Amino acid sequence: QVQLVESGGGLVQAGGSLRLSCVVSGTIFSINAMGWYRQAPGKQRELVAAITTGGSTNYADSVKGRFTISRDNIKNTVDLQMNSLKPEDTAVYYCNADISRRWDRRNYWGQGTQVTVSS
C-alpha cells in the first residue's frame, strides 16, 4: 500500500513563510515526478510546483520567486518552501507523486494540508 503523508500546513500572516513536507511510504519501485497542487474553495485544483527525478522544476506563474520545491530521492520526500505568502495562497495543498511499482505506474495523492494566510 502506497501512502503520501503531508505535514507543515497552518495559519500564517501575509508575508510569512511555511514549509510543507510530504513523505512517500510503501512498496515501490521508483518515484518519477513529484509535485504540489492546491485547491481553494470554489476553485479547481491547480498545479503549484513540480520536480522531476533529476531535479528539474516547474512553477505556477503565481508562485514563481516565492515558492521553492525540493526532493530527497533517498528519503522519498518532497518539500515546498513557501515565502512571502499572500492571502490568495490560502488553499488545501496536496502532494502528488507519479510512482512505479513492479506491476503498475500511477499517480498518488496525499490527504491534503490546509494553508491559511491572513491579511
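Modeller: In what follows, a residue is called buried under 20% relative accessible area, exposed over 50%, and partly exposed in between. The structure discussed here is a predicted model.

Colleague: Is glutamate 46 buried, exposed or partly exposed?

Modeller: The relative accessibility of glutamate 46 is 35%. The limits are 20% for buried and 50% for exposed, with the middle class in between. Because 35% falls in that middle class, glutamate 46 counts as partly exposed.

Colleague: With which residue does the side chain of glutamate 46 meet in a salt bridge?

Modeller: A salt bridge requires a side-chain nitrogen of Lys or Arg within 4 Å of a carboxyl oxygen of Asp or Glu. For glutamate 46, the N to O distance is 2.7 Å, and the partner is arginine 38.

Colleague: Is arginine 38 buried or exposed?

Modeller: The relative accessibility of arginine 38 is 6%. The cut-off for the lowest class is under 20%. Arginine 38 therefore counts as buried.

Colleague: How many residues apart in sequence are the parts tied together by aspartate 89 and arginine 38?

Modeller: The side chains of aspartate 89 and arginine 38 meet in a salt bridge, at 3.0 Å from N to O. Aspartate 89 lies in the loop between β8 and β9, whereas arginine 38 belongs to strand β4 (residues 30-39), so the pair ties together parts whose separation in sequence is 51 residues.

Colleague: Which residue forms a salt bridge with aspartate 98?

Modeller: Aspartate 98 is buried, at 14% relative accessibility. Its salt-bridge partner is exposed, with a relative accessible area of 54%. The closest N and O atoms of the pair are 2.6 Å apart, and the partner is arginine 105.

Colleague: Which residues are joined into one network by salt bridges that share partners?

Modeller: Arginine 38 meets glutamate 46 in one salt bridge and aspartate 89 in another. Through shared partners, the network joins Arg38, Glu46, Asp89 and Arg66.

Colleague: How far apart in space, C-alpha to C-alpha, are leucine 85 and alanine 14?

Modeller: Leucine 85 lies in the loop between β8 (77-82) and β9 (91-100), and it is buried, with a relative accessible area of 2%. Beyond its neighbours within four places in sequence, leucine 85 is in contact with residues including Val12, Ala14 and Phe67. Leucine 85 and alanine 14 are 71 residues apart in sequence, yet their C-alpha separation is 5.3 Å.

Technical notes
Residues numbered from 1 in each chain as written. Predicted model: local features only at pLDDT ≥ 70, side-chain atom pairs only at ≥ 80, totals over all residues. Heavy atoms only, no water. Helix = DSSP H or I, 4+ residues; strand = E, 2+ residues; numbered from the N terminus. Buried < 20%, exposed > 50% of the residue type's maximum accessible area, 1.4 Å probe, protein only. Contact = heavy atoms within 4.5 Å.
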